[in-house]
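Thank you for coming, everyone. I would like to walk through one protein with you this morning, slowly, and I will explain the terms as we meet them.

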Amino acid sequence: MSVHTERASPGSCDRRRAGGLPGQPPALAAHPRLHTHDLEEARVRIGEVLGAHQVRVANTGAPVDAWLNGFQLESVGLFSFGYGPEVLVTPEVQDSHLLVGMPLVGHVEVSQGRELIECTPKVASVQSLTRPTSIRWAEGKQLIARFGRSAMEAHLGRLIGRRPDRPLTFSLGMDLTRPPARSWRSLVELLRAEAEAGGGMLEQPLAVRQLEGLLMTQLLLTQPSNYSDALSGGWRRVAPPTVKRAVSLIEDHADEPLTVEDIAEAVGVSARALQEGFRRHLEKTPMGYLREVRLERAHAELAVRGPETATVTDVAYRWGFTHLGRFSLAYRQRFGESPSRTLRH
């Protein structure tokens, strides 16, 4: 699966520096989409990606230097943008997506319903956008994670074992210094680094699907929402035959973009129930068992291929290992040698 990008507008000037600090490239510079000094063009083009909104410059006459970089995967997009001067933004109420805004430089005041927060590089905003929202954005730059609402709510349904009966809404402020939020932010940075470095992971459907699932799961478990009680609630016990069916499904489809939610849905239980069943009957997690199967398959492929026809990176990504260092460590612990040695011999 390749990322969807767009060329910067023809009227752009100095695209390489748009949004960047002096002497530094801008965030997601490898994926430019817009650079303009026209406020209306910026409003329309940014709105096409992040949602329709109204915007006005706080200090009339201040020059606009708007830019937008980023890309869209299947369910998750990652973008960075700025307007230049201080602006007042009013997003339109909509139900197509959710946004997590993370200031890189500067600060942002966000109000949504009765909540009002000040965002900095240590505090993100989680904008459900189903309620009126207003944003006062001092000169700065933001990283925005965009989640399709239908995909997020379907993912939520797989986690709790039932279809959500009301729209998902999050608390507005996310403290990025808390350990669960730091873990979520590290996943965002993995996605950002891979996009900026032009690595091969984003071309592998299995790796992309897993990373998108991790981003959604971690956000749902980290940030308080109107489904937090359901996500932390109890579950019915899973019998051994159900675990056996899940094991067979994993072994038969290990080369596909499986998530624990997919497996749970296929065998008719919630993700939390399936995890509890695996721990009780197999003393491991579903994803732990899937990793073992994939390690075996990766080892078998490396053993019959050669450096002329394959690379360790390609094989690792093909079998869903998105972190090459952890793959190499797990491989060495399991087989007593490095993946590259297996490939050479």
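Before I point at anything, one definition: helices and strands here are DSSP runs, of at least four residues for a helix and at least two for a strand, and they are numbered from the N terminus. With that in hand, you can find Pro257, which lies in the loop between helix 6, residues 240-252, and helix 7, residues 260-267. Please keep in mind throughout that what you see is a predicted model.

Let me stay with Pro257 for a moment. Its relative accessible area is 27%, so Pro257 is partly exposed, and, if we do not count residues up to four places away in sequence, Pro257 touches Pro205, Leu206, Arg209 and Asp262. How far apart in space are Pro257 and Thr60? From C-alpha to C-alpha they are 50 Å apart, and in sequence they are separated by 197 residues.

Now the overall picture. The protein has 12 helices and 12 strands, and its C-alpha atoms fill a box of roughly 65 × 50 × 30 Å along the principal axes. A compact globule of 345 residues would have a radius of gyration near 20 Å, and the protein, with 22 Å, agrees with that. Of those 345 residues, 51% count as buried, while the surface that the protein exposes comes to about 16,200 Å², with carbon and sulfur atoms supplying 50% of it. If we take the contacts between residues at least 6 apart in sequence, 74% of them join residues that are at least 24 apart.

Let us turn to the interior. The largest nonpolar core has 70 residues, and the members that touch the most other members are Val100, Met102, Phe147, Trp184, Leu191, Leu215 and Leu274. Helix 4, residues 205-222, gives the most to this core, with seven residues. There is also a second, separate core of 25 residues, which includes Val57, Cys119, Trp137 and Ile144.

Helix 4 deserves another sentence or two. From its first C-alpha to its last, this helix of 18 residues reaches 25 Å, close to the 26 Å expected at 1.5 Å a residue. Because 13 of its 18 residues are buried, helix 4 is largely enclosed by the rest of the structure.

Which residues does Trp184 contact, leaving aside its neighbours within four places in sequence? The list is Val100, Met102, Ala145, Phe147, Met174, Leu215, Gln218 and Leu219.

Next come two arginines. Both Arg185 and Arg192 lie in helix 3, which covers residues 179-197. Are they buried or exposed? The cut-off for buried is under 20% relative accessible area, so Arg192, at 17%, counts as buried, and Arg185, at 16%, is buried too. Again leaving aside neighbours within four places in sequence, Arg185 is in contact with Met102, Leu104, Pro121, Leu143 and Leu176, whereas the contacts of Arg192 are Ala27, Leu28, Leu78, Leu104 and Leu143.

Leu28, which appears in that last list, lies in the segment before strand 1, and with a relative accessible area of 0% it is buried. Most residues other than glycine have a negative phi. Leu28, however, has a positive phi of about 60° although it is not a glycine. Leu129 is another such case, with a positive phi of about 65°; it sits in the loop between strand 9, residues 123-127, and strand 10, residues 133-137, and is buried, at a relative accessible area of 3%.

I will finish with helix 1, following it from one end to the other. At its N-terminal end there is a cap, Asp38, which has a side-chain oxygen 3.0 Å from the backbone nitrogen of Glu40. The helix itself has 12 residues, 39-50, which should span 16 Å at 1.5 Å a residue, and its end C-alpha atoms are indeed 16 Å apart. Its buried residues are Ala42, Arg43, Arg45, Ile46, Gly47, Val49 and Leu50, and the strands that the buried residues of helix 1 pack against include strand 1 (32-36), strand 2 (53-57) and strand 11 (141-148). After helix 1 comes Gly51, whose phi is positive, near 110°.

Definitions and conventions. Residues are numbered from 1 along each chain as its sequence is written. This is a predicted model: local features need pLDDT of at least 70, side-chain atom pairs count only at pLDDT 80 or more; totals for chains, interfaces and linings use all residues. Side-chain values use heavy atoms; hydrogens and water are left out. The expected span of a helix is 1.5 Å times one less than its number of residues. Buried means under 20% relative accessible area, exposed over 50%, partly exposed in between (1.4 Å probe, protein chains only). Contact means heavy atoms within 4.5 Å. A polar contact is a pair of N or O atoms within 3.5 Å; within protein, one must be able to donate a hydrogen and the other to accept it, and residues adjacent in sequence count only if both atoms are side-chain atoms. The radius of gyration is taken over C-alpha atoms; the globule rule is 2.2 Å times the number of residues to the power 0.38. Accessible areas come from the Shrake-Rupley method with a 1.4 Å probe; for residues, only the protein chains shown count as cover. A nonpolar core is a set of buried Ala, Val, Leu, Ile, Met, Phe, Trp, Tyr and Cys residues joined through side-chain atoms within 4.5 Å.
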